[in-house]
Amino acid sequence: ALILHSIYLKRILFASFIINFLFYGSILSTGFLGIIIYSIIFLALLFIVSIAFTVIEVFCGRYRIDHALKFIKNLSLLMGVIILLALYGY
């Protein structure tokens with residue numbers, strides 16, 4: 001049970017690290033209402049990122065490590081293109 005809980009804790013901490021790295025210093029974090037809004041957004045993003053990690057882990061569970069790295073590389077390239085399109089308003 002402790003190993004299972006440590007795996008869950010590792011996932012949450014890693015997802016929190018990614019979210020804080022990308023969205024730290026947000027304008028919404030000023031004032032009491034901003035902190036509440038930022039907390040709600042953070043929890044929603046934490047849920048989405050943890051689901052994404054789970055999906056990648058499920059798809060890569062039976063892959064050899066070279067196939068899994070190729071899959072993740074292609075997935076990250078696709079996500080990079082999607083982020084660029086979102087930044088430019090498409």
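1. Let me start with C60. Leaving aside residues up to four places away in sequence, C60 touches A68, F71 and I72. C60 sits in the loop between α2 and α3, and its relative accessible area of 14% makes it buried, since the cut-off for that label is under 20%. One of those partners, F71, is 11 residues along the chain from C60, and the two C-alpha atoms are 8.0 Å apart. Keep in mind throughout that this is a predicted model.

2. Now the overall layout. The protein has 3 helices and 0 strands, so reading from the N terminus you get α-α-α. The radius of gyration is 16 Å, well over the 12 Å that the globule rule gives for 90 residues, so the protein is more spread out than a compact globule. The C-alpha trace spans about 50 × 40 × 15 Å along its principal axes.

3. On burial and surface: 11% of the 90 residues count as buried. The protein exposes about 7800 Å², and carbon and sulfur atoms supply 78% of that area. As for contacts, take those with a separation of 6 or more: residues 24 or more positions apart account for 42% of them.

4. I checked α2 (31-59) against the ideal rise. With 29 residues at 1.5 Å each, α2 should span 42 Å, and its end C-alpha atoms are indeed 42 Å apart, which agrees. The buried residues in this helix are G34, Y38, F42, L46 and V49. Which helix do they pack against? The answer is α1.

5. The same check for α3, which covers residues 65-87: its 23 residues should span 33 Å at 1.5 Å a residue, and the end C-alpha atoms are 32 Å apart, which agrees. Just after α3, G89 has a positive phi of about 90°. Y88 is also in the segment after α3. Is Y88 buried or exposed? Y88 is exposed, with a relative accessible area of 65%, because the cut-off for exposed is over 50%. Looking back along the chain, Y88 and L77 are 11 residues apart, with 17 Å between their C-alpha atoms.

6. Next, the pocket you'll probably want to look at. The largest pocket holds about 890 Å³ of space. Its lining is made by 22 residues, and I18, V49, A52, F53 and M79 lie nearest its centre. Elements giving two or more residues to this lining are α1 (2-23), α2 (31-59) and α3. Which of them gives the most? That is α1, with 8 residues. V49 turns up twice in this note: V49 is among the residues nearest the pocket centre, and V49 is also one of the buried residues of α2.

7. Last, a look at I3, which is found in helix α1. At 64% relative accessibility, I3 counts as exposed, because anything over 50% gets that label. I3 and V58 are 55 residues apart along the chain, and their C-alpha atoms are separated by 18 Å. Set beside I3, C60 falls on the other side of the burial scale, as C60 is buried at 14%.

Methods:
Residues numbered from 1 in each chain as written. Predicted model: local features only at pLDDT ≥ 70, side-chain atom pairs only at ≥ 80, totals over all residues. Heavy atoms only, no water. Helix = DSSP H or I, 4+ residues; strand = E, 2+ residues; numbered from the N terminus. Rg over C-alpha atoms; globule rule 2.2 N^0.38 Å. Buried < 20%, exposed > 50% of the residue type's maximum accessible area, 1.4 Å probe, protein only. Contact = heavy atoms within 4.5 Å. Areas by Shrake-Rupley, 256 points an atom, 1.4 Å probe, with all protein chains shown as cover. Expected span 1.5 Å × (residues − 1). 1 Å grid on protein atoms, 1.4 Å probe; cavity = no way out; pocket = protein on both sides within 12 Å on 5 of 7 lines; lining within 4 Å. Points joined across faces, edges and corners; volume = space filled by probe spheres on them.
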